[in-house]
Amino acid sequence: MSDGLLLLNRTDRTFKAGFSIIKENLTGLSQYFSLLHPNERTYLDSLRFDRRRASYLLGRVAAKHAISRLEEGVGMDAVFIDSGIFQFPVVKSKLLSNVQVSITHCDDLGLALAFPEDHPLAVDIEKIDAAQAEAFESQLTAEELRLIAKVEPEPLIGCVTVWTIKEALSKVLKTGFMIDFKVLEIQSLEKSGHCYTSEFIHCGQYRAVSCRHGDYICSIVLPKQTSCDLNDFWLAFKEVAGMRSSTSE
Ligand SMILES: CC(C)(COP(=O)(O)OP(=O)(O)OC[C@H]1O[C@@H](n2cnc3c(N)ncnc32)[C@H](O)[C@@H]1OP(=O)(O)O)[C@@H](O)C(=O)NCCC(=O)NCCS
């Protein structure tokens with residue numbers, strides 16, 4: 001588990017965001033039950049499949065730690081992270097005002113950002129899975145595939161990167177993939193080391209920053225005019241994605 005704070009610098013003010021990344025299997029996640037709000041515990045107990053129990057816990061535990069970095073001293077069992085009508089997370093607490101979270105989970109990794117409503121952010125993580133190469137590619141436009149070919153010698157890595165960018169944009173918009181995919185199309189893709197930056201054709205107020213570590217790619221979507229040093233976030237991603245879960249099942 002690793003967490004930290006990001007500074008979101010605008011020309012006239014600076015906002016803060018908390019982040020948290022956790023790698024844990026279902027057995028190991030039981031150590032975090034005390035963080036759950038009673039409503040979350042009831043929902044968890046209603047889940048029949050271990051895979052969903054694990055993903056739910058990964059997301060809620062990461063989100064609680066991210067909120068703790070942003071708002072120190074708030075008891076996390078008093079914070080209820082509900083699901084809105086389009087499944088987006090909604091933070092409910094008498095002790096917090098206007099805090100939002102973005103959640104992603106993949107395998108035994110959970111990742112969350114907590115940020116003020118004034119300053120939207122979103123995050124997505126995906127595994128580079130050759131078995132899904134066609135599915136990823138089929139959702140990209142010809143122009144996106146051309147942008148990928150210009151910077152990324154490994155098409156699968158490029159396709160997964162753009163997929164995570166589009167998922168993260170769909171989270172910022174709170175629609176998820178219940179939106180015409182054309183709205184999410186990227187306009188540019190630049191690569192530097194294992195990281196990528198991109199902008200969007202139809203959502204010009206946002207940009208994306210993505211990084212690969214091992215088998216995983218993670219993208220953050222943030223307002224284009226926000227400057228933010230993401231080094232600590234990428235270091236945490238690298239450290240935690242490379243870890244073993246604390247308990248073997
Ligand atoms: C938002 C979305 C794109 C993320 O899906 P995903 O990559 O499968 O899952 P991630 O782990 O990255 O993210 C899941 C989290 O996103 C958040 N989320 C869900 N819907 C959201 C929305 N409309 N807006 C913002 N966040 C949302 C939730 O917190 C969710 O975690 P939780 O259910 O544990 O609370 C997904 O909800 C969606 O629309 N999926 C459709 C998938 C699909 O159509 N696949 C077809 C492939 S061709």
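In this predicted model, the side chain of aspartate 124 places an N or O atom 2.7 Å from an oxygen atom of the ligand. Two further side chains make approaches of this kind, and the table lists them together with aspartate 124.

| Residue | Distance from its side-chain N or O atom to a ligand oxygen |
|---|---|
| Aspartate 124 | 2.7 Å |
| Glutamate 167 | 2.6 Å |
| Lysine 171 | 2.9 Å |

The ligand taken alone exposes 910 Å², and the protein buries 71% of that area. Four elements each give two or more residues to the surrounding shell: helix 3 (50-70), strand 5 (99-106), strand 7 (122-127) and helix 6 (155-172). Of these, helix 6 supplies the largest share, with 4 residues. The shell holds 20 residues in total, and the closest are Arg60, Thr104, His105, Asp124 and Glu167. Sorted by class, the shell consists of 6 nonpolar, 7 polar and 7 charged residues.

Helix 3 also contains alanine 63. With a relative accessibility of 0%, alanine 63 is classed as buried, because the limit for that class is under 20%. Its C-alpha atom is separated by 14 Å from that of serine 34, a residue 29 positions away along the chain.

**Aromatic pairs**

The model contains 9 aromatic pairs. One of them joins phenylalanine 233 and tryptophan 234, whose ring centres are 5.0 Å apart; the planes meet at 75 degrees, so this pair is edge-to-face. Phenylalanine 233 and tryptophan 234 are both buried. Tryptophan 234 also pairs with phenylalanine 237, again edge-to-face, with 6.0 Å from centre to centre and 65 degrees between the planes. Both tryptophan 234 and phenylalanine 237 belong to helix 7 (residues 231-241), where a spacing of 3 residues corresponds to about one turn of the helix. Phenylalanine 237 is buried, as is tryptophan 234. What residues form one aromatic cluster with Trp234? They are Phe19, Phe233 and Phe237.

**Charges over rings**

Two basic side chains are positioned over aromatic faces. Arginine 41 lies over the face of phenylalanine 33, at 4.3 Å from the centre of the ring. Lysine 174 has a corresponding position over phenylalanine 88, at 5.4 Å from the ring centre.

**Positive phi values**

Most residues other than glycine have a negative phi. Lysine 174 is not a glycine, yet its phi is positive, at about 65 degrees. This residue is located in the loop between helix 6 and strand 8 (186-192). Is lysine 174 buried, exposed or partly exposed? Its relative accessibility is 33%, so lysine 174 counts as partly exposed.

Glutamine 87 likewise has a positive phi, near 70 degrees, and is a residue other than glycine. Its place is in the loop between strand 3 (80-83) and strand 4 (89-92). The relative accessible area of glutamine 87 is 61%; the class begins over 50%, and the residue is therefore exposed.

Key
Residues are numbered from 1 along each chain as its sequence is written. This is a predicted model: local features need pLDDT of at least 70, side-chain atom pairs count only at pLDDT 80 or more; totals for chains, interfaces and linings use all residues. Side-chain values use heavy atoms; hydrogens and water are left out. Rings of Phe, Tyr and Trp (its six-membered ring) pair if their centres lie within 6.5 Å; planes under 30 degrees apart count as stacked, over 60 as edge-to-face and the rest as tilted. Buried means under 20% relative accessible area, exposed over 50%, partly exposed in between (1.4 Å probe, protein chains only). A charge sits over a ring if NZ of Lys or CZ of Arg is within 6 Å of the ring centre and within 35 degrees of the ring normal. A residue is near a molecule or strand if one of its heavy atoms lies within 4 Å of it. A polar contact is a pair of N or O atoms within 3.5 Å; within protein, one must be able to donate a hydrogen and the other to accept it, and residues adjacent in sequence count only if both atoms are side-chain atoms. Accessible areas come from the Shrake-Rupley method with a 1.4 Å probe; for residues, only the protein chains shown count as cover. Ala, Val, Leu, Ile, Met, Phe, Trp, Tyr, Cys and Pro count as nonpolar, Asp, Glu, Lys and Arg as charged, and the others, Gly among them, as polar.
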